Amino acid sequence: MKPCIVYLLAAWATAMAAGCDTSSQQPAAPQTPPQPAPSERNVAVEQTAEGELTIQPINHSAVRLAFKGRQYYVDPAGKADWDALPKADVILITHEHRDHLDPDVVAKIRTADTVILASAAAAAKAGFGEMIEIGQTRQVLDITLEAVPAYNLTPDRLRYHPRQRKDNGYILTFAGTRVYVAGDTEGTEEMRALKDIDVAFLPINLPYTMPAAEAADAARAFKPRILYPYHQGTSDPAEVRRLLADETAIEVRVLALP
Ligand SMILES: [Zn+2]
């Protein structure tokens with residue numbers, strides 16, 4: 001019997017080994033790349049004179065900026081995983097359109113202490129928020145904030161963002177690092193005259209704001225160090241990068257921002 005048992009054991013071991021080999025040769029199950037957490041998507045970090053500035057374009061119009069542990073949102077509106085994003089210390093609203101002023105989203109991310117600043121027309125429409133008007137500068141928590149004009153120039157677009165409504169864009173200064181979030185505007189003379197902008201967000205959707213070529217031309221005039229085309233709708237932000245390929249001092253960041 002002994003040889004037989006040895007034979008059987010050998011056969012079993014061979015079968016097991018073969019089984020192991022077979023399983024190790026099976027193709028791996030397709031892996032979906034891990035999705036970053038909502039608070040990490042599209043995040044970039046810039047060094048300021050006083051520590052890191054986190055920049056997160058969230059969607060079509062919303063931008064989150066984090067500095068010294070505080071959270072600054074411009075135009076928090078529309079679809080995003082708002083419950084998974086940090087609560088706001090400061091909310092800035094550029095103008096009254098629903099894709100920029102979204103009371104439901106504001107209610108989700110605000111706390112009892114959140115400072116909310118808005119253009120006069122947006123504050124009036126919302127029924128909340130403190131007015132900040134073009135040309136005004138405020139110190140808010142750890143940053144300086146300036147309201148700048150945002151309006152249409154092209155005759156058949158004037159009705160969307162008429163200059164007399166005084167919609168805002170904002171320049172937020174984080175220890176010397178200046179971030180310009182343009183809101184809904186075209187390449188106005190005030191935009192073209194901006195100085196020392198480190199990071200700019202320029203809208204490119206039509207018919208409401210401006211084409212990629214107009215945004216690229218405005219960027220050539222004020223030369224932000226980093227440019228995010230945003231508010232893109234069906235326009236192609238990569239077109240802005242192509243048009244500015246010869247401007248080596250401007251880094252154009254192309255993102256899909258639904
Ligand atoms: Zn608008």
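User: In this predicted model, which residues of the largest nonpolar core touch the most other members?

Analyst: The largest nonpolar core of the predicted model has 64 residues. Helix 5 supplies the largest share of this core, 6 residues. The members that touch the most others are Leu-65, Leu-172, Phe-201, Leu-202, Ala-215 and Ala-219.

User: With which residues is Leu-65 in contact, leaving aside its neighbours within four places in sequence?

Analyst: Leu-65 belongs to the group of core residues that touch the most other members, and Leu-172 is also in that group. Contact here requires C-beta atoms within 7 Å. With neighbours within four places set aside, the partners of Leu-65 are Leu-53, Thr-54, Ile-55, Tyr-72, Leu-172 and Val-179.

User: Why do the buried residues of helix 5 lie on the same side of the helix?

Analyst: The buried residues of helix 5, which spans residues 212-222, are Ala-212, Ala-215, Ala-216, Ala-218, Ala-219 and Phe-222. In general, an α-helix has 3.6 residues a turn, so residues three or four places apart point the same way. The buried residues of helix 5 lie on the same side because they cover an arc around the axis of only 160°.

User: What covers the buried residues of helix 5?

Analyst: Ala-215 and Ala-219 are buried in helix 5, and both are among the core residues that touch the most other members. The cover over the buried residues of this helix includes helix 4 (189-192), strand 12 (199-203), strand 13 (226-230) and helix 6 (237-243).

User: Which residue just after helix 5 takes a positive phi?

Analyst: Helix 5 covers residues 212-222, and Phe-222 is one of its buried residues. Just after the helix comes a residue with a positive phi of about 50°, namely Lys-223.

User: How many residues of strand 11 are buried?

Analyst: Strand 11 comprises residues 177-181. Thr-177, Val-179 and Val-181 point one way, while Arg-178 and Tyr-180 point the other way, and all are buried. The strand is thus mostly covered, with a buried count of 5 of 5.

User: In which sense does strand 11 pair with strand 10, and in which with strand 12?

Analyst: Strand 10 (residues 167-174) joins strand 11 through 5 bridges in the antiparallel sense, with Phe-174 opposite Thr-177. These two strands form a hairpin with 2 residues between them, and Ala-175 in the turn has a positive phi of about 50°. Toward strand 12, Val-181 stands opposite Phe-201. Strand 11 therefore pairs with strand 10 over 5 bridges as antiparallel, and with strand 12 over 3 bridges as parallel.

Technical notes. Residues numbered from 1 in each chain as written. Predicted model: local features only at pLDDT ≥ 70, side-chain atom pairs only at ≥ 80, totals over all residues. Buried ≥ 20, exposed ≤ 12 C-beta atoms within 10 Å, placed from the backbone. Helix = DSSP H or I, 4+ residues; strand = E, 2+ residues; numbered from the N terminus. Arc of directions from axis to C-beta. Contact = placed C-beta atoms within 7 Å. Core = buried A, V, L, I, M, F, W, Y, C linked by C-beta atoms within 7 Å. Pairing = 2+ DSSP bridges.
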